[in-house]
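Me: I'd love a close look at one part of this model, with a little of its surroundings for context. Could you walk me through it?

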Amino acid sequence: MYNTTILSHYIKLVSLGDVEAILYLAYLTFYGKDNVEQDYSISFKFLKIAAGVGNDVALNAISYMYLKGLGVPQNFEKGMYYLICSSKKGNSDAQISLSNYYKFIGNDYLSEVYLKESIKNGNPKAKIKFLELKLGKFL
């Protein structure tokens, strides 16, 4: 059951083009918070609206949903497309995800490129991972 008071408030903000409100509705419906029913397909719709105006967080979340098949059919190509789009917008979480992916498939060069981009954009996990790689041990 949806909390209609919360949803109506945010839907008004959404109608005014408030991207943060759109992301919050996506968050509520993705996780099922504040008495809002969890519904990945509705969350995906909100994220698509935010992604449509270039929001890097929404692009990253859409990538995750495609890669995991949450609310949409699982699709690796679309997941990677949105992950790269988010990375190009400077999303440090997307960049570290790409670094991990390229490391996994054995492309150390691209792994390091994305790791350095993530560090440049302030991701503390990327800084630790970079030190671990250079030192050859886990911190």
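Which helix gives the largest share of the lining of the largest pocket, and how many residues does that come to?

Reply: Happy to take you through it. Please keep in mind that this is a predicted model. The helix you are after is α4, which contributes eight residues to the lining of the largest pocket, the largest share.

Let's start with the setting. The protein chain has eight helices and zero strands, so to speak an α-α-α-α-α-α-α-α run when read from the N terminus. Its C-alpha trace spans about 55 × 30 × 25 Å along the principal axes.

Now to the pocket itself. The largest pocket has a volume of about 410 Å³, and 17 residues line it. If you want to find its centre on screen, look for F30, Y31, N60, A61 and Y64, the lining residues that lie nearest to that point. Helix α4 has company here: α2 (19-31), α3 and α4 each supply at least two residues of the lining. Sorted by class, the lining of the largest pocket holds twelve nonpolar, four polar and one charged residues.

Two of those contributing helices, α3 and α4, also pack against each other, and that contact is worth a look. Helix α3 covers residues 40-52 and helix α4 residues 56-68; their axes lie 8 Å apart, at an angle of about 145 degrees. The crossing of α3 past α4 is left-handed. On the α3 side, the residues in contact are Y40, F44, L47, K48, A50 and A51, and they meet A58, L59, A61, I62, M65 and Y66 of α4. By class, this contact of α3 with α4 comprises eleven nonpolar, no polar and one charged residues. Notice A61 in particular: it belongs to the α4 side of this contact, and it is also among the residues nearest the centre of the largest pocket.

For another helix pair, move along the chain to α6 (residues 92-104) and α8 (residues 124-135). Their axes are 10 Å apart and meet at an angle of about 30 degrees, which means that α6 runs roughly parallel to α8. Here D93, I96, N100 and K103 of α6 touch K125, A126, K129 and L133 of α8. The class count for the contact of α6 with α8 is three nonpolar, one polar and four charged residues.

So, back to your question: in the lining of the largest pocket, α4 is the helix with the largest share.

Methods: Residues are numbered from 1 along each chain as its sequence is written. This is a predicted model: local features need pLDDT of at least 70, side-chain atom pairs count only at pLDDT 80 or more; totals for chains, interfaces and linings use all residues. Side-chain values use heavy atoms; hydrogens and water are left out. Axes are lines fitted to C-alpha atoms, for helices over the stretch in contact, and angles run from 0 to 180 degrees between N-to-C directions. Helices (H or I, at least four residues) and strands (E, at least two) are DSSP runs, numbered from the N terminus. A crossing is left-handed if the near helix is turned anticlockwise from the far one by less than a right angle, and right-handed if clockwise. Contact means heavy atoms within 4.5 Å. Ala, Val, Leu, Ile, Met, Phe, Trp, Tyr, Cys and Pro count as nonpolar, Asp, Glu, Lys and Arg as charged, and the others, Gly among them, as polar. On a 1 Å grid over the protein atoms alone, a cavity is a set of points where a 1.4 Å probe fits but cannot get out, and a pocket is an open set with protein on both sides within 12 Å along at least five of seven lines; lining residues have an atom within 4 Å of a point. Grid points are joined across faces, edges and corners, and a volume is the space filled by probe spheres set on the points. Angles under 35 degrees count as roughly parallel, over 145 as roughly antiparallel, 65 to 115 as roughly perpendicular and the rest as oblique.
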